[in-house]
Amino acid sequence: MTKKVLFIIGSLRKKSFNRQLAAKCREILEKSGNIEITELGFSDVPFMNQDSETPVPASISRIRAEVAAADGIWIFTPEYNYAIPGVLKNLLDWLSRPLVPGDFTSGTAIAGKKVTISGVGGKNATKNVRADLKKLLDFIKTEVICGEGNGFAADGTAFQTDVLTLNENDLSVLEKQAEEFMKAL
Ligand SMILES: Cc1cc2nc3c(=O)[nH]c(=O)nc-3n(C[C@H](O)[C@H](O)[C@H](O)COP(=O)(O)O)c2cc1C
């Protein structure tokens, strides 16, 4: 059966290293055959404001439907000031809210979803953001595959050229993560 995987990229930057990492993971995952990968667009998601939860904004209904349809979610994120980028945190805050505003028994779009994490950043290879993200994902009741996931450090050349280069070891780490993730779906 075809598995549906949703990519969430925590950077809105066009030449984002995390988007480049996601492209590599798409190649790796597609080798395993029966898979349909989509990227969640969320630049139209408003800032979380409890006054705006009813009526449910159209962009929120759309992201909830895309998340609900996914068998698994792969998050690719940079680290901003040792923490989760605001746009990604805002998205996850919306996804953590009850489907029926005010009814905490109605469930959320993301609870129970299988999620895995990767990130590209500076020298510390997104260590802090991945730890924070794991904590948040546990709290909102997702099933996190591969723990804090894997991080990669962009080097000086990458920062000058906006091109991320992954070495053999990076690729084998990603292949292992992809394999474990797919096995869990
Ligand atoms: C507001 C801001 C804060 C940042 N803080 C960190 C940081 O704490 N650690 C780090 O490794 N890189 C940090 N960076 C650099 C990012 O890792 C780098 O810009 C990276 O390319 C962003 O990911 P992207 O290429 O996917 O957009 C920061 C960048 C921005 C814009």
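Reader: Hi! Before we start, what counts as a pocket, and what counts as a lining residue?
Author: Hello! On a 1 Å grid over the protein atoms alone, a pocket is an open set of points with protein on both sides within 12 Å along at least five of seven lines. Lining residues have an atom within 4 Å of a point. Keep in mind that this is a predicted model.

Reader: Got it. Which residues line the second largest pocket?
Author: Its lining is made up of Ser-96, Pro-98, Phe-104, Gly-107, Thr-108, Ala-111, Phe-139, Ile-140 and Lys-141. By class, that gives five nonpolar, three polar and one charged.

Reader: And what volume does that pocket have?
Author: The second largest pocket has about 180 Å³, while the largest pocket holds about 220 Å³ of space.

Reader: Where does the ligand sit, then?
Author: You'll find the ligand in the largest pocket. That pocket has 15 lining residues, and Phe-17, Pro-78, Val-120, Gly-121 and Phe-159 are the ones nearest its centre. Helix H1 (17–30) and strand S4 (114–121) each give two or more residues to this lining.

Reader: Cool! Which polar atoms come close to the ligand's oxygen atoms?
Author: A polar backbone atom of Phe-17 is 2.8 Å from a ligand oxygen. For Asn-18, an N or O atom in the side chain is 2.8 Å from an oxygen atom of the ligand. There is also a ligand nitrogen 3.2 Å from a side-chain N or O atom of Glu-79.

Reader: How much of the ligand does the protein bury?
Author: The protein buries 72% of the 620 Å² that the ligand exposes when taken alone.

How values were computed: Residues are numbered from 1 along each chain as its sequence is written. This is a predicted model: local features need pLDDT of at least 70, side-chain atom pairs count only at pLDDT 80 or more; totals for chains, interfaces and linings use all residues. Side-chain values use heavy atoms; hydrogens and water are left out. A polar contact is a pair of N or O atoms within 3.5 Å; within protein, one must be able to donate a hydrogen and the other to accept it, and residues adjacent in sequence count only if both atoms are side-chain atoms. Accessible areas come from the Shrake-Rupley method with a 1.4 Å probe; for residues, only the protein chains shown count as cover. On a 1 Å grid over the protein atoms alone, a cavity is a set of points where a 1.4 Å probe fits but cannot get out, and a pocket is an open set with protein on both sides within 12 Å along at least five of seven lines; lining residues have an atom within 4 Å of a point. A molecule sits in a cavity or pocket if more than half of its atoms lie within 2 Å of its grid points. Grid points are joined across faces, edges and corners, and a volume is the space filled by probe spheres set on the points. Helices (H or I, at least four residues) and strands (E, at least two) are DSSP runs, numbered from the N terminus. Ala, Val, Leu, Ile, Met, Phe, Trp, Tyr, Cys and Pro count as nonpolar, Asp, Glu, Lys and Arg as charged, and the others, Gly among them, as polar.
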